[in-house]
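I opened this model to look up a few residues and the elements around them. My entries follow in the order I made them.

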Amino acid sequence: MLEVRNLVFAYKPSSRPWHFDFQVSTGECIAIQGPSGSGKSTLLGLLAGFLEPWNGDILWNGELLNPLPPWERPVTSVFQEHNLFEHLNVVTNIGLGIHPGMKLSTDQKDLIKEGLARVGLGGFETRMPAELSGGQRQRVALLRAILRNQPVLLLDEPLTGLDEDTRKILRTILIEQKNAGTTIVLASHDEEDRRVLADRHWSL
Ligand SMILES: Nc1ncnc2c1ncn2[C@@H]1O[C@H](COP(=O)(O)OP(=O)(O)OP(=O)(O)O)[C@@H](O)[C@H]1O
């Protein structure tokens, strides 16, 4: 279970701080909704460890995550910027998410190949990020996050800007991931994404 207890944060001491307090069960998807600027990405940044709270605790199965840097948290994030390594091709970008030294088993290599085909990027293995469209980059980032298979998945507008067919495929993949036990925190303006993916809705 992911627990957020009395979390307090503001970007500046003079700003009015956010207070977050909620729980997400293992294998549950909670959708965070709220107008632009209400703090959805901020909350995800706190959970990921990119931002440091002023106060309060973030726990995963009772373990305090606050002291852990982002890469040691049981968490993967897909943020709007995609964050692909520009000097590495598609397979290497995904593979590094699975194993930092790229020591991949044959099964893992097959999973990457199958995953790329499933999201409509079969044959894109050796493309560089600069040679991809925005939506293709988004699919690579999402596939990397899913194949990393961490217990918690943080998604910030994960399907925005994709065409309807691709959205449907990615929604199905995310539902499979949830059914396999991944806990998901989703920030999305898209009502259909929230309706299809989320078990619970939470307004900021
Ligand atoms: N690094 C930063 N420094 C100062 N203020 C920031 C910073 N990042 C975001 N903010 C402000 O914090 C508020 C919340 O931003 P946030 O990105 O969390 O909102 P959001 O709900 O995700 O919005 P959107 O739906 O537009 O993505 C906004 O007013 C924003 O301007």
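**Ala-48.** I began with the burial of Ala-48 in this predicted model. Ala-48 has 20 C-beta neighbours inside 10 Å, and it therefore counts as buried. The cut-off for a buried residue is 20 or more, so the count for Ala-48 is just enough. I placed Ala-48 in helix α1. Leaving out residues up to four places away in sequence, I found that Ala-48 touches Pro-70, Arg-73, Val-75, Ser-77 and Leu-154. I also looked up one long-range pair: Ala-48 and Leu-153 are 105 residues apart in sequence, yet their C-alpha atoms are 9.4 Å apart in space.

**Helix α1.** Which residues of α1 are buried? I noted Lys-40, Leu-43, Leu-44, Leu-46, Leu-47 and Ala-48. An α-helix has 3.6 residues a turn, so residues three or four places apart point the same way. The helix covers residues 40-48 and lies across β1, β2 and β4. Its direction makes an angle of about 115° with β1. Just after the helix, Gly-49 takes a positive phi of about 95°.

**Ligand shell.** I listed the residues that surround the ligand: Tyr-11, Gly-34, Ser-36, Gly-37, Ser-38, Gly-39, Lys-40, Ser-41 and Thr-42. Sorted by type, the shell has one nonpolar, seven polar and one charged residue. Lys-40, which belongs to this shell, is also among the buried residues of α1.

**Antiparallel sheet.** I then traced the sheet beneath these notes on α1, where four strands form an open sheet with antiparallel pairing. The strand order is β2-β1-β4-β5. Strands β2 (18-24) and β5 (63-64) stand at the edges with a single partner strand each, so one side of each has no neighbour in the sheet. Strand β1 (residues 2-9) is joined to strand β4 (residues 55-60) by five bridges, and the two run antiparallel. I checked two positions along this pair. Val-8 stands opposite Asn-55 in β4, and Glu-3 has Leu-59 as its bridge partner in β4.

Leu-59 also has a bridge partner in β5, namely Leu-64. Two bridges join β4 to β5, again antiparallel. The hairpin of these strands has two residues between them, and in this hairpin Asn-61 takes a positive phi near 45°.

**Parallel sheet.** How are the five strands of the other open sheet ordered? I read the order as β6-β7-β8-β3-β9, with parallel pairing. The edge strands, β6 (75-78) and β9 (200-203), each pair on one side only. From one strand to the next, the twist averages 20°. Strand β3 (residues 29-33) and strand β8 (residues 183-187) run parallel and are joined by four bridges. I looked up Cys-29 here: its bridge partner in β8 is Ile-184.

**Nonpolar core.** The largest nonpolar core has 46 residues. Which of them touch the most other members? I noted Leu-47, Leu-154, Val-185 and Leu-186. Helix α4 (residues 134-148) gives the largest share of this core, six residues. Leu-47 lies in α1, and Leu-154 is a residue I had already met as a contact of Ala-48.

I followed Leu-186 further. Residues up to four places away in sequence aside, Leu-186 touches Cys-29, Ala-31, Ile-32, Leu-155, Arg-194, Leu-197 and Ala-198.

**Positive phi outside glycine.** Most residues other than glycine have a negative phi, so I looked up two more residues that do not. Asn-6 has a phi near 50°. Asn-6 sits in strand β1, and it counts as exposed because it has 11 C-beta neighbours inside 10 Å.

Glu-157 also has a positive phi, of about 50°, although it is not a glycine. I placed Glu-157 in the loop between β7 (152-156) and α5 (164-179). Is Glu-157 buried, exposed or partly exposed? With 18 C-beta neighbours inside 10 Å, Glu-157 counts as partly exposed.

Technical notes:
Residues are numbered from 1 along each chain as its sequence is written. This is a predicted model: local features need pLDDT of at least 70, side-chain atom pairs count only at pLDDT 80 or more; totals for chains, interfaces and linings use all residues. Two strands pair if DSSP finds at least two bridges between them. Two residues are in contact if their C-beta atoms, placed from the backbone, lie within 7 Å. Axes are lines fitted to C-alpha atoms, for helices over the stretch in contact, and angles run from 0 to 180 degrees between N-to-C directions. A residue is near a molecule or strand if its C-beta atom, placed from the backbone, lies within 6 Å of it. Ala, Val, Leu, Ile, Met, Phe, Trp, Tyr, Cys and Pro count as nonpolar, Asp, Glu, Lys and Arg as charged, and the others, Gly among them, as polar. A residue is buried if 20 or more other C-beta atoms lie within 10 Å of its own, exposed if 12 or fewer, and partly exposed in between; C-beta atoms are placed from the backbone. A nonpolar core is a set of buried Ala, Val, Leu, Ile, Met, Phe, Trp, Tyr and Cys residues joined through C-beta atoms within 7 Å.
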